[in-house]
Amino acid sequence: KGYEAHCWLFHQLGVSAVYAFSAVGAVDLDIPLAGELAFVVPHAFGRGLAATTHSFGKLALDVHPNMGEPFCPRLRAQLVQAIHDTGARALDTGTYIYNGPDQFETDAEIRAVMNLYPDEPNRVVGMTAGPELALAKQMQIPYAVVCSNANYAQGRVAEQVDHHAALANMGRATEKLLEIARRVIELAAAE
């Protein structure tokens, strides 16, 4: 359980905030691909159809954290500023939908997600930020994430989702993401 191990170590080390970066698939077609240097900083979170459970159980500082405001507003603001400061475009609202690990969604799953979250802005599906968020909330560590649209979700465009194409698209954004990471570290250190 790597997610638990990492978050537990963060807790033991006294980490005061987690700024995460996640490659995602966009459900909404108006979200630019990461290679266009546009990134989503979600404000909302939802569990998808294949979500797995990650929990510290009784060891958690907050066994059942409130998820009304899942992502830390202060960290989100810093990430948005860092994105702008580096000359990239930030979509400062969005809905991260955790849909389980190790495979792209099916056409049917994406249709279901669209029906499950019909009115949420800038919907993205991903495999990693869900467990990270839940565990950070349990250990009372503020958390926010920059989502890089690696591909459009399966069934949303004519092309099939392909891992190699997603990697190529992310490759075009790598340097900008490193700039954003460096800038958010500067902003956090200045606080």
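Where is the place of Thr-86? In this predicted model, in which local features need pLDDT of at least 70, side-chain atom pairs count only at pLDDT 80 or more, and totals for chains, interfaces and linings use all residues, residues are numbered from 1 along each chain as its sequence is written. Side-chain values rest on heavy atoms, with hydrogens and water left out.

Thr-86 is found in the loop between helix H2 (73–85) and strand S4 (89–91), where helices (H or I, at least four residues) and strands (E, at least two) are DSSP runs numbered from the N terminus. With a relative accessible area of 12%, Thr-86 is buried (buried means under 20% relative accessible area, exposed over 50%, and partly exposed in between, with a 1.4 Å probe and protein chains only). Leaving aside residues up to four places away in sequence, Thr-86 touches Lys-176, Glu-179, Ile-180 and Arg-183, contact being defined as heavy atoms within 4.5 Å.

The largest nonpolar core (a set of buried Ala, Val, Leu, Ile, Met, Phe, Trp, Tyr and Cys residues joined through side-chain atoms within 4.5 Å) has 25 residues, and Cys-147 is among those with the most contacts inside it. At least two residues of this core come from each of strand S1 (18–26), strand S2 (38–40), strand S5 (95–98), helix H4 (129–138) and strand S7 (143–152). Another core, of 22 residues, lies apart from it and includes Ala-17 and Ala-82.

Two loop residues other than glycine have positive phi: Leu-37, near 60°, and Asn-122, about 45°. Leu-37, between S1 and S2, is partly exposed at 27% relative accessible area, whereas Asn-122, between helix H3 (107–116) and strand S6 (123–126), is buried at 15%.
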